[in-house]
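Me: I would like a close look at one part of this protein, with its surroundings described carefully enough that I can follow along in the viewer. Please take me through the cysteines first, and then go on to a helix and the rest.

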Amino acid sequence: MMRTAVPPVACVGEPRLTAGFAEYGRLDLRAHEEVHGPIGPMEPAQLLQLAEGMQLKGKGGAGFPFARKMRAVLESCERQDLAAVVVVNATEGEPASWKDKVLLTRAPHLILDGAALAAYALDADEIVIGVADDGVGRDSLMDALDERRMPVQTTIVTVPHRFISGEGGALVNGINGLPHIPPGTKKRSSDSGVSGLPTLLSNAETFSQLAIGARLGPYEYAALGTDDEPGTVLLTVTGAAGRPAVVECTAGMPLRDVLDLCEVPDVQGILMGGYHGKWITPEAAEKAEVSRKGLAAVGGTLGAGIIVPLGVDTCPLGEAAQVVRYLAGESAGQCGPCKMGLPDLARAVDLAVAGSQPADVVRAAAGEVKGRGACSHPDGTARFALSAIEVFAEDLRLHSTGDGCGRRVKGSMGLPGAPDANPQKLTLDWSRCDGHGLCAHVVPDFIRLDANGYPAFPATPVPTWLREGALKAVKVCPELALRLAKAE
């Protein structure tokens, strides 16, 4: 999907967040009030009771209880005798995600309702809404602010459209005029966030769900969903889907219903939760329910509500390797696990795909970064990589032979930019090779010497980050036996 075009919206079951979309497209203030009805301010105890009754958890990926966040800010304000700030994270930096963009462009007043409820209850001084600099949703949000009066000053802050910029600490840093990267040490925004004030930070869907719950009350809100996870869920379905869409569905609904709605064909696996999520098998998808508990039961995760089915016509491990390389490049680069560990993990995955190293090297590289980062980025990247080598174990076995799975990487994961437009592989003219071994010294990560001292390398394309080394190996071959040719 291009970032300039918001995808279609669909619904399985009763619409709540997407109510009125079919009739109005974008809901201006008049249409918003006609569809959703009026809403009034709530005192802190009322709002806390509502959030707890709804069992409202953050929809940005971590799933932290909203009431606990709000209570921590209230206590911090009282302890420090400071005012609060409310921050709406609508940056949605992950390329595969679109659900918050849909809310910005189609239902901006739901986001503003939720933020206004929180600001009134906290007696906040300011509301700040973070959006990405891709331009999607900003104009709609500004129009919505022009249409209504907010209880406190409300500003829009634009941040770079990068994966890491959407992390909570990175957003607070950006609002404070600092680089848009997570802080080097773990900090609680509830103690010190925007301008050093206690800050309530949650994502756009979370505030929208709060606005729905305030109108319905906790009991009617729980009329949909499961006992553990009441309400509805917004999902972004992309990848191999015949009809990519943002889908609202009832929590606990079979995943198969969502996949059928989006015309998902036969697949090799499905990424659940986004680039920090986990892969599940097609068999697991048949049994899965759309909820945190239901997806965890089959080895998946709801995460940020992202579903990426992978078609049967692409190399799954090659697709996964591209994502790991992207995530390594998106790191803040300010702690060891990000600066050194993630490039090592990307290298390990690439070499496993090339058949040059066993999966144990990937597991070891992932173990080196897990639990050690200044933010959750290393953990999420390691989780993704480990999940890929588990779910695609048979493909990994095929790659370990050096021949690969026979499929090219199509670039189906929604990454910025296209896959390698000019894949190249090494070839050897055996009539010329005398076994000097210089090539293996130049690019040892890809070329090994066999028991007889002759070069051996995978038949798969050379990873882009090893392309320069492979070219040098070709140039130093004294017999001109080694060549770099276009991969078919």
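Reply: A disulfide is counted here when two cysteine sulfur atoms lie within 2.5 Å of each other. In this predicted model, a search of the whole structure by that criterion finds zero disulfides. Two cysteines show how this comes about. For Cys249, the closest cysteine sulfur belongs to Cys11 and is 8.2 Å away, which is too far for a bond. Cys405 is likewise in no disulfide, with the sulfur of Cys315 as its nearest cysteine sulfur at 3.7 Å, and because the cut-off is 2.5 Å, that pair is not counted. Both residues are covered: Cys249 is buried, with a relative accessible area of 1%, and Cys405 is buried as well, with a value of 17%.

The helix to look at is α13, which comprises residues 316-329. With 14 residues at 1.5 Å a residue, α13 should span 20 Å, and the C-alpha atoms at its ends are indeed 20 Å apart, so the expected and computed lengths agree. The helix is mostly covered, in that twelve of its 14 residues are buried. Starting from its N-terminal end, the buried residues of α13 are Pro316, Leu317, Gly318, Glu319, Ala320, Ala321, Gln322, Val323, Val324, Tyr326, Leu327 and Ala328. What do these buried residues pack against? Their partners are two strands, β8 (267-272) and β10 (306-311), together with three helices, α14 (336-353), α16 (377-391) and α17 (393-400).

For the wider setting, the domain assignment divides the protein into domain 1 (17-223), domain 2 (229-305), domain 3 (316-400) and domain 4 (424-486). The C-alpha centres of domain 3 and domain 4 lie 25 Å apart.

Two loop residues also deserve a look for their backbone angles. Glu92, although not a glycine, has a positive phi of about 45°, and its place is the loop between β2 (85-90) and α5 (99-106). Ser195, another residue other than glycine, has a positive phi near 55° and is found in the loop between α8 (168-175) and β5 (199-203). Is each of these residues buried or exposed? Glu92 counts as buried, at 8% relative accessibility, whereas Ser195 is exposed, with a relative accessible area of 59%.

Conventions: Residues are numbered from 1 along each chain as its sequence is written. This is a predicted model: local features need pLDDT of at least 70, side-chain atom pairs count only at pLDDT 80 or more; totals for chains, interfaces and linings use all residues. Side-chain values use heavy atoms; hydrogens and water are left out. Buried means under 20% relative accessible area, exposed over 50%, partly exposed in between (1.4 Å probe, protein chains only). Helices (H or I, at least four residues) and strands (E, at least two) are DSSP runs, numbered from the N terminus. The expected span of a helix is 1.5 Å times one less than its number of residues. Contact means heavy atoms within 4.5 Å. Domain bounds come from an automatic or database domain assignment.
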